[in-house]
Amino acid sequence: MTGSLSKPAHVIGAGLAGSEAAWQIAKAGVPVVLHEMRPDRMTEAHRTDGLAELVCSNSFRSDDAANNAVGLLHAEMRRLDSLIMRAADANQVPAGGALAVDRDGFSAAVTKALNDHPLIEIARGEIKGLPPADWSNVIVATGPLTSAPLADAIRELTDESALAFFDAIAPIVHRESIDMSVAWFQSRYDKVGPGGNGADYINCPMTKEQYDGFVAALVAGEKTEFKEWETNTPYFDGCLPIEVMAERGPETLRHGPMKPVGLTNPHDPTTKSYAIVQLRQDNKLGTLYNIVGFQTKLKYGEQQRIFRTIPGLEKAEFARLGGLHRNTFLNSPKLLDSQLRLRAQPRLRFAGQMTGCEGYVESASVGLIAGLYAAADARGERLASPPATTALGSLLGHITGGHIETIEPGTRSFQPMNINFGLFPPLASPPTKKPDGTRLRGNEKTVAKKQAMSALALADLDRWIADHLRIAAAA
């Protein structure tokens, strides 16, 4: 063994990825210093000095491990004793088929667990520039809002310009200010999810005239001006501002976050709404609700004026208005090796959103595997990567090998990605028959294929844990 367990690993950034990485390293018996610049230096999106602070309560999305790739990722992380999933499960709030959490309770749980671990030291203060040369085992998990000195140092070291896009925050409304004589509680198709009862969203109906007026107001509304360094930054398609969607065509929103399907207005059950705005519970008390899909760059005054034209929200009081911030990420397939190490300086390993994964769950999962890799390094071992058939392995495959060079000069096709079944290798023998022997037809084939991929993923992950994770077993 060449590593020394007395020499600590260092994790820079205590968001979800960094917090998870530090937890996994310490759990493997390796001391770790977790560096967090807040509260000494805050960011455009953070509001507290808590570790693993969230800006959205529905950060964990679907918890359906059999039919949804992000739900499968949840299940894999739980098998690996993820601190992030443990804290999420302990602080969930109703959200239909999704796993949503009380943000303050979640952050407090993560912060306490890390503070209480005897092998974890939390160091407050900004790391300005590259880490000291004697830090031989470092994970950089500074997220989409990496401080300028560190970002500049990484850029200079790699001789590679970082890509960037905008990440978005939806507005939050006080529950008591919503007019429930107009709005109603219902999950789409009455779906029941973790901690929910099938009526977990507040729904606000719109007629065609109201919808057309709303779309016109979004397009005409005054937006916050882009800073000079933001003007050429592309949006991530999974998190487009509401007004950008509206500009793409008058029906875009009605087929996106405002689709009316699967919902019936109990105040007027015989009339089908032309469009519906949904609000999702944002805290455990149920006093705050965020407007689903309404991330925006509208100015604050415009947000209040336009969003109060939504039926049921005429007197809405906003606990927080929407906003956008820049998100930077690396051209990871070119810059990082299969163990997430920087090719130009292998003592530096990267994790989280800056590697090119999108979403809090994905970010935490990459932090998890980076922590396991770093712990193995500290013990003088090499950890085999998780199978490509798993959600974790497929996401790593996208990050470290998902780049396709384009013919057009100067362009790069690597983009941030949420976990999805499209990242998984095809099944060798896709299911064709039901358990009773009859043939699968239509959508049944798609459902059966996803379920087969999920079952294979969990079986392969269990085998990988048994074969390779002596580190975790020794914790």
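Contact here means heavy atoms within 4.5 Å. With that in hand, welcome to a set of close-up views of this predicted model.

**View 1. E121 and its partners from far along the chain.** Our starting residue, E121, is found in strand β5. Setting aside neighbours within four places in sequence, E121 is in contact with V32, V33 and L34. Look for P31 here too: P31 and E121 are 90 residues apart along the chain, yet their C-alpha atoms are separated by 8.1 Å. Is E121 buried, partly exposed or exposed? E121 is partly exposed, because its relative accessible area is 46%, and that class lies between under 20% for buried and over 50% for exposed.

**View 2. The six-stranded open sheet.** Strand β5 leads us to a mixed sheet, where six strands follow the order β5-β2-β1-β6-β16-β15. The edges are formed by β5 (120-124) and β15 (341-342), each of which pairs on one side only. Further in, strand β6 (residues 138-140) runs parallel to strand β16 (residues 345-350), and three bridges join the two. To find one of these pairings, start at V138, whose bridge partner in β16 is L348.

**View 3. Helix α5 on the sheet.** Which strands does helix α5 touch as it packs on the sheet? Helix α5 (residues 148-158) touches β1 (9-12), β6, β15 and β16. The direction of α5 makes about 135 degrees with that of β16.

**View 4. Strand β12, covered on both faces.** Strand β12 spans residues 288-291, with L288 and N290 on one side and Y289 and I291 on the other; these residues are all buried. Strand β8 (residues 172-174) runs antiparallel to β12 and is joined to it by three bridges. In that pairing, H174 stands opposite L288. Strand β11 (residues 275-281) also runs antiparallel to β12, and three bridges join this pair. Here, R280 stands opposite N290.

**View 5. Helix α1, enclosed along its length.** Helix α1 (residues 16-27) has twelve residues and reaches 16 Å from its first C-alpha to its last, close to the 16 Å expected at 1.5 Å a residue. How many of the residues of α1 are buried? Twelve of the twelve are, so α1 is largely enclosed by the rest of the structure. Among the buried residues are E20, W23, Q24 and K27, along with L16 and I25. Just beyond the helix, α1 is followed by G29, whose phi is positive, near 90 degrees.

**View 6. Helix α11 and the helices around it.** Helix α11 (residues 391-401) is mostly covered, with nine of its eleven residues buried. The buried set comprises A391, L392, G393, S394, L395, L396, H398, I399 and T400. What do these buried residues of α11 pack against? Their partners are α2 (69-79), α9 (332-335), α10 (360-378) and α12 (443-468).

**View 7. Two cysteines, and a disulfide count.** A disulfide is a covalent bond between the sulfur atoms of two cysteines. This structure holds zero disulfides. Two cysteines are picked out in this view. C204 is buried, because its relative accessible area of 0% falls under the 20% cut-off. C357 is buried as well, with a relative accessible area of 1%.

Key: Residues are numbered from 1 along each chain as its sequence is written. This is a predicted model: local features need pLDDT of at least 70, side-chain atom pairs count only at pLDDT 80 or more; totals for chains, interfaces and linings use all residues. Side-chain values use heavy atoms; hydrogens and water are left out. Two strands pair if DSSP finds at least two bridges between them. Helices (H or I, at least four residues) and strands (E, at least two) are DSSP runs, numbered from the N terminus. Axes are lines fitted to C-alpha atoms, for helices over the stretch in contact, and angles run from 0 to 180 degrees between N-to-C directions. A disulfide is a pair of cysteine sulfur atoms within 2.5 Å. Buried means under 20% relative accessible area, exposed over 50%, partly exposed in between (1.4 Å probe, protein chains only). The expected span of a helix is 1.5 Å times one less than its number of residues.
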